[in-house]
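This report describes one protein model for a reader who has not met it before. The sequence and the structure follow, and the text then moves from single residues in loops to the interior of the protein.

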Amino acid sequence: MNRHRWRPRFLGAAGAALVLALAGCSSPNTNPDADGSPAASGSYPVTVSTESGDVIIESAPERIVTLGNPAFENVVALGSHPVAASVTNIDKLPYLADYVGNEALDESLADIYAGQVNFERMLAVEPDLIIAPAWPVFTEPATLERLRTIAPTLIFDMQDADNDWRVGVQQVADAMGKSEQGGELITSAVDEFTGVAESNPGLAKRPYSFGLYYKEQISLGSGGNILRLFGMKPAEDQAAVESTGTPVTYSGETAGDVDGEAVLLMPSPRDSIANLEQSPFWESNLKSRVVWLSDAQGEAINNAGVLGKTWLPGNLGTALGQLG
């Protein structure tokens, strides 16, 4: 299944709640510059290689604009402060709660649902670096070309359930001259997953299936790069999805046939949960296996940067641990 196709489905199910948290997470070893943003410690120029191409950054960025929640998230986690940031539904994500009302937030910069970027507003902000995730709205060739006429533009690799989120975090850190700090953030996040796995050794024995519950159907999608960090392995149906990219769907009559011993489902809409829980095989079959993902958990898996990935293990790990 195409990674871009899967991400927006979770986006819609979660009410498009993407965003971030962790205020004041700058390293104690950084020195603020005149604008109050910690100065970059790396040497320039620097070339950052991504799936969208190489980006050459001639000097340490001082006026960063971020588009999309994970871009904002990664930048603030690295201790810097964007001059402007386009984010979505920040108030619905606990890992971004500290940034509600942040002065950098600017809804006029982009509308990811309409697939639009406000280039005039971007010019007015005068960025010296634009950072965005590899979402279709930003990777569309004409859009990307126009962004690059405004400032060097880093389109970092996807951080959804299909891809290794660590790559994108490190790309942002490298561009900001904070490679070492980026590595430390990644290590800290992975340690959170490892801690949950060590506290719940039974997770390694519970193969997972991961998907969307929509219109009384379970549609499995990729998710291994996140769940494998808990020490979990894909069930047979999930392994088929992750190896071929072809979705596997169970109807309302066959939902009990899903293979996973841990079945993680994002409900869309949220009140559709009752449909499955009232099915004849819920009590005898699915109740002991299903973990309903919250909107924030779904966003952390599919759309978050390092802040969401650091928050997710403790939050989701509690629900997974209750499976036994």
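Pro 269 is found in the loop between β12 (262-268) and α10 (273-277); helices (H or I, at least four residues) and strands (E, at least two) are DSSP runs, numbered from the N terminus. The peptide bond that joins Ser 268 to Pro 269 is cis, with omega about -5 degrees. A cis bond also joins Tyr 44 and Pro 45, where omega is about 5 degrees. The place of Pro 45 is in the loop between α1 (3-13) and β1 (46-50).

The model is predicted: local features need pLDDT of at least 70, side-chain atom pairs count only at pLDDT 80 or more, and totals for chains, interfaces and linings use all residues. Residues are numbered from 1 along each chain as its sequence is written, and side-chain values use heavy atoms, with hydrogens and water left out.

Two residues other than glycine with positive phi are set out below. In the table and afterwards, buried means under 20% relative accessible area, exposed over 50%, and partly exposed in between (1.4 Å probe, protein chains only).

| Residue | Phi | Loop | Relative accessibility |
|---|---|---|---|
| Asn 89 | near 50 degrees | between β4 (84-86) and β5 (110-111) | 24%, partly exposed |
| Glu 216 | about 60 degrees | between β9 (208-214) and β10 (217-220) | 44%, partly exposed |

The protein as a whole has 13 helices and 13 strands. Of its 324 residues, 54% are buried. Contact means heavy atoms within 4.5 Å. Among contacts with a separation of 6 or more, 70% are between residues 24 or more positions apart. The accessible surface comes to about 13300 Å², and carbon and sulfur atoms hold 47% of this area; the areas come from the Shrake-Rupley method with a 1.4 Å probe.

Helix α5 (residues 141-150) offers a view of how one element is placed. Its residues Thr 143, Leu 144, Leu 147 and Ile 150 are buried. These four lie on the same side of α5 because they cover an arc of only 115 degrees around the axis, the arc being that of the directions from the helix axis to the C-beta atoms. An α-helix has 3.6 residues a turn, so residues three or four places apart point the same way. On the face turned away from the buried side are the exposed residues Pro 141, Glu 145 and Thr 149. The buried residues of α5 pack against several elements, including β3 (64-67), α3 (119-125), β7 (129-133) and β8 (153-156).

A nonpolar core is a set of buried Ala, Val, Leu, Ile, Met, Phe, Trp, Tyr and Cys residues joined through side-chain atoms within 4.5 Å. The largest core has 59 residues, of which Ile 131, Trp 165, Phe 230, Leu 264, Leu 316 and Leu 320 touch the most other members. Helix α7 (residues 179-199) gives the most to this core, with six residues. Another core lies apart from it and has 22 residues, among them Val 65, Leu 67, Met 122 and Val 137. When residues up to four places away in sequence are not counted, Phe 230 touches residues including Phe 193, Val 196, Leu 203, Pro 313 and Leu 320.
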